[in-house]
Amino acid sequence: MIFIKGLLLVLLTLGFLIFAFSLKLKNFQRIVVIVGYITLFIFISDPILSDRVANLFGIEFGSSLITYLTIGVLSLVNVILFVDTKVNKDAITKIIREGAIRDARRV
Amino acid sequence: MSDTAIIIPMYNEETTIRGVILEIKERYPEFEIIVIDDGSEDNSYKEAEVKGVWLLKHLINLGQGAAIQTGIEFARRKNIKYIVTFDADGQHSADDIKEFVTLLKSGYDIVLGSRFLGEAKNISIVKKYFLKLSRVFTFFSTGIWLTDSHNGFRAINIGDFPDFNLTENRMAHASEIIDLMKKLKMRYIEKGCVIKYTDYSQRKGQSMLNAVGIIIEYIIGRLTR
């Protein structure tokens, strides 16, 4: 149990470091990542505390609260990625199209 | 320059494209022919080099919808008012173009080809009923009942409809056209046409599995448009 807890904390810290230092985050995003990291760190270290926090929201276990929050966060990330992909796709289409029209030739 | 153009999107059609262009050119020398090579990896671009044809090339493959939209934008810049979309795989018959253009010039804004009002030579039973089923989907999504909602043979008045622009890059553009038709209140008519299914065109055509992908693509596109 202690081993798994330690592994989770290492993975969480690695994820945090990658997020915090390899991506160009805005200040607001940086704060969200730091708050998320600290919260998860405490929840993993002290499951009883996480249960108490979950109880405040009418949820029995802290792990359930984390699961619900994760689903929400992942859905949000999905939407953000989808919008980004669409914006990029539209831009690529426009560039390719303009190039094709510019270089059009009558045989 | 003519006010009418035949737009041919092509992707890896080296075996058929020259024949398709030559047939159209011979029958309708008065029309412009615009071929859009959608990032072919074979010899299609070279094969499409027929005298008098406008040739455009996408650097990468974007999809048939994107290729048609490139043709539309190019045609608009050349002050072309009427376009006919025509497949590069030799499925469509050049004989039908004349009637489509005549109908368009008689006052319709869009003429939709229908293989079920015309003739679908060698169509497989599965494809036939799948296409018939897709009419139901089109009806529920647009409220327009068509006999053939996914036929690539159409004639469109783009001159009077500057907002007729396709945003769906791939095959979902066929459904987007029906959406645009409704949104822009275009006067439409279906006209029978001949579709010749050959082994080649069946191999190149959309599989039933792809159709599911097209539906998903269309739904997402519609939600985000």
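**Exercise 1. The extent of chain A**

Among contacts in chain A between residues at least 6 apart in sequence, what percentage join residues at least 24 apart?

*Solution.* The model is predicted, and local features need pLDDT of at least 70, side-chain atom pairs count only at pLDDT 80 or more, while totals for chains, interfaces and linings use all residues. Residues are numbered from 1 along each chain as its sequence is written, and chains are lettered from A and ligands numbered from 1 in the order in which they are written.

Step 1: with two residues taken to be in contact if their C-beta atoms, placed from the backbone, lie within 7 Å, the share in chain A is 25%.

Step 2: chain A has a radius of gyration of 22 Å, whereas a compact globule of 107 residues would have one near 13 Å; the radius is taken over C-alpha atoms, and the globule rule is 2.2 Å times the number of residues to the power 0.38.

Step 3: along the principal axes, the C-alpha atoms of chain A fill a box of roughly 75 × 30 × 25 Å.

Step 4: the secondary structure of chain A consists of 4 helices and 1 strand, in the order α-α-α-α-β from the N terminus, where helices (H or I, at least four residues) and strands (E, at least two) are DSSP runs numbered from the N terminus.

**Exercise 2. The surroundings of B:Ile72**

Determine whether B:Ile72 is buried or exposed, and place this residue in chain B.

*Solution.* Step 1: a residue is buried if 20 or more other C-beta atoms lie within 10 Å of its own, exposed if 12 or fewer, and partly exposed in between, with C-beta atoms placed from the backbone.

Step 2: B:Ile72 is buried because 22 other C-beta atoms lie within 10 Å.

Step 3: B:Ile72 belongs to helix H3 of chain B, and, leaving aside neighbours within four places in sequence, contacts B:Ile83 and B:Ile158.

Step 4: B:Ile72 and B:Val84, 12 residues apart in sequence, are 9.9 Å apart in space from C-alpha to C-alpha.

**Exercise 3. The pairing of strand S5**

Identify the strands of chain B with which S5(B) pairs, and give the sense of each pairing.

*Solution.* Step 1: two strands pair if DSSP finds at least two bridges between them.

Step 2: strand S5 (residues 110–121) and strand S6 (residues 154–157) of chain B pair in the antiparallel sense over 3 bridges, with B:Leu112 opposite B:Arg154.

Step 3: S5(B) also runs parallel to strand S7 (residues 188–196) of chain B, joined by 8 bridges, and here B:Gly113 has B:Lys191 as bridge partner.
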